[in-house]
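User: I would like a close look at a single part of this model, the lining of its largest pocket. Please set that part in the context of the rest of the chain afterwards.

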Amino acid sequence: MKKILALFILAVVGLGCSSNDNEEVNNTPTFDRSAILVNWADNIIIPSYENYTAKVTTLSEKATAFTQTPDEAGLAELRTAWLDAYIAYQYVAIYDFGKASLLYLKLSANTYPTDVDGIEANIASGSYNLGTQIQFSRQGFPAIDYLIYGTGTDSEIIASYSNQATTDYLNAIIAQLKSIAEQVTNDWNGAYRDTFVNNNGTSVTSSVNVTTNNFIKNFEKDVRSGKVGIPAGVFSNGVTYADKVEAYYKNDVSKMLLTAGIKAQQDFFNGKAFNGTTTGASLKSALDVVNAVRDGQNLSTIINNQFGTINTAVSALNESFSNQITQDNNKMLTAYDAMQQNVIYLKLDMMQALNITIDYVDGDGD
């Protein structure tokens with residue numbers, strides 16, 4: 001009887017310990033996913049898409065005006081509108097999910113280097129379906145870059161629009177940009193905003209997890225690799241590709257586009273409103289809530305400091321990445337290395353601290 005009583009007491013004590021252990025786990029600091037999603041949707045993502053749609057609409061209007069009356073003034077206005085829209089695109093490239101993913105917004109807007117032979121074949125035939133995968137490299141901002149900068153001198157470019165087929169193609173690819181931008185923006189301003197905010201769980205398909213993965217993927221694949229690593233020869237045993245830079249035919253705005261892409265990344269990390277200076281709930285604040293540290297320093301501070309290192313490295317680059325690669329590629333490699341360090345901080349340290357699983361595969365071999 002005494003043995004039974006002793007076992008009973010041990011069992012009760014054990015249950016009490018288990019209860020206390022669970023209580024300690026539940027007391028682990030957690031960040032407010034709902035607050036983050038509201039800030040992302042209302043202050044960052046939707047305003048970014050609205051701005052992008054407005055800029056693409058202006059681009060469409062300038063293209064229509066220029067192709068109706070091709071002249072130097074019209075070409076200059078078209079080129080300005082193209083660059084404005086291209087910069088605005090850098091701020092929405094992070095959010096490749098929902099309607100944007102279904103409509104292939106990123107692939108149709110910014111696949112480069114552009115397929116010049118394919119563009120010319122489309123113009124010659126007058127028959128093309130811009131919704132098919134083979135056409136992604138024959139449209140978007142890189143294709144417009146070729147059509148308004150890459151076909152000759154300014155007078156030759158203007159003269160080329162006496163050809164109705166060229167006019168039709170330029171307007172068609174810009175109409176495609178505009179249509180996709182409008183559909184995605186309307187979706188966010190419709191039911192999708194609430195769907196996004198209400199999906200505030202912790203699963204791999206939750207909004208925080210999906211958005212964070214897209215943020216890091218954009219930084220790693222599109223900003224670090226696409227804009228710098230690939231043309232600088234990081235993934236080709238040192239063989240460089242000066243013709244694979246972003247905006248190759250304009251050629252002196254690659255740095256501008258990279259700078260915009262990095263700013264979009266850092267602003268998103270810090271939860272900075274697109275149309276203002278205020279910051280809200282964000283990945284930075286989440287890291288601070290869970291007391292994430294590395295080497296005795298706040299991880300959020302380390303990440304922001306590394307963004308500063310990246311900006312310093314990028315500021316040393318030529319406005320033309322083609323020229324930079326040809327003249328002193330080491331500066332491109334330095335910028336790449338600075339970005340790669342933040343990939344480590346974001347993809348490994350941050351994701352582990354926030355208990356978010358990476359949902360994409362890195363195929364770069366780095």
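Analyst: To sort a lining by class, Ala, Val, Leu, Ile, Met, Phe, Trp, Tyr, Cys and Pro are taken as nonpolar, Asp, Glu, Lys and Arg as charged, and the others, Gly among them, as polar. The model is a predicted one, and every value below is computed from that model. With those classes, the lining of the largest pocket divides into 10 nonpolar, 9 polar and 8 charged residues.

The space inside the largest pocket comes to about 600 Å³. Its lining consists of 27 residues, and those closest to the centre are Lys106, Leu107, Asn110, Lys221 and Asp222. Three helices, α3 (72-90), α5 (105-109) and α10 (207-229), each contribute at least two residues to that lining, and the greatest contribution is that of α10, with 9 residues. The lining also takes at least three residues from domain 1 (30-192) and at least three from domain 2 (201-357).

Since α10 gives the most to this lining, the helix deserves a closer description. Of its 23 residues, 21 are buried, so α10 is largely enclosed by the rest of the structure. The helix is also bent, with a kink of about 30° centred on Asn218. As background for reading positions along such an element, an α-helix has 3.6 residues a turn, so residues three or four places apart point the same way.

What volume does the second largest pocket have, and which residues lie nearest its centre? Its volume is about 170 Å³, and its lining of 10 residues has Thr30, Phe31, Arg33, Leu354 and Asn355 nearest the centre. By class, this second lining holds 5 nonpolar, 4 polar and 1 charged residues. Here too at least three residues come from each of domain 1 (30-192) and domain 2 (201-357).

Turning to the loops, the one between α5 and α6 (116-125) contains Pro113, and the peptide bond leading from Tyr112 to Pro113 is cis, with omega near 5°. The loop between α10 and α11 (254-270) contains Ala247, a residue that is not a glycine but has a positive phi of about 60°. These are departures from the usual pattern, in that most residues other than glycine have a negative phi, and most peptide bonds are trans.

Is Ala247 buried or exposed? Its relative accessibility is 3%, and because anything under 20% is counted as buried, Ala247 is a buried residue. The C-alpha atom of Ala247 lies 9.7 Å from that of Tyr149, although 98 residues separate the pair along the chain. In helix α7 (residues 140-149) one finds Asp145, which is buried with a relative accessible area of 1%. Asp145 and Asn251 are 106 residues apart along the chain, while their C-alpha atoms are separated by 9.4 Å.

Another positive phi, of about 55°, belongs to Asp295, which is likewise not a glycine. Asp295 is situated in the loop between β1 (293-294) and β2 (297-298), and its relative accessibility of 76% is over the 50% limit, so this residue counts as exposed. Further along the chain, Ile302 belongs to helix α13 (residues 299-315), and with a relative accessible area of 10% Ile302 is buried. The C-alpha atoms of Ile302 and Asn342 are 8.9 Å apart in space, with their positions 40 residues apart in sequence.

For the wider context, the protein contains 14 helices and 2 strands, and its C-alpha trace extends about 105 × 45 × 35 Å along the principal axes. Of the 366 residues, 46% are buried. An unreviewed UniProt entry places the feature "domain: Imelysin-like" at residues 45-338. In this model that span is 67% helix and 1% strand, and its end C-alpha atoms are 26 Å apart.

To return to the part you asked about, the largest pocket has a lining drawn from domain 1 and domain 2, with Lys106, Leu107, Asn110, Lys221 and Asp222 closest to its centre, and with its greatest share supplied by α10.

Terms used
Residues are numbered from 1 along each chain as its sequence is written. This is a predicted model: local features need pLDDT of at least 70, side-chain atom pairs count only at pLDDT 80 or more; totals for chains, interfaces and linings use all residues. Side-chain values use heavy atoms; hydrogens and water are left out. On a 1 Å grid over the protein atoms alone, a cavity is a set of points where a 1.4 Å probe fits but cannot get out, and a pocket is an open set with protein on both sides within 12 Å along at least five of seven lines; lining residues have an atom within 4 Å of a point. Grid points are joined across faces, edges and corners, and a volume is the space filled by probe spheres set on the points. Helices (H or I, at least four residues) and strands (E, at least two) are DSSP runs, numbered from the N terminus. Domain bounds come from an automatic or database domain assignment. The bend at a residue is the angle between axes fitted to the seven residues ending there and the seven starting there. Buried means under 20% relative accessible area, exposed over 50%, partly exposed in between (1.4 Å probe, protein chains only). UniProt positions are given in the numbering used here, feature names are shortened, and annotations may be inferred rather than shown by experiment.
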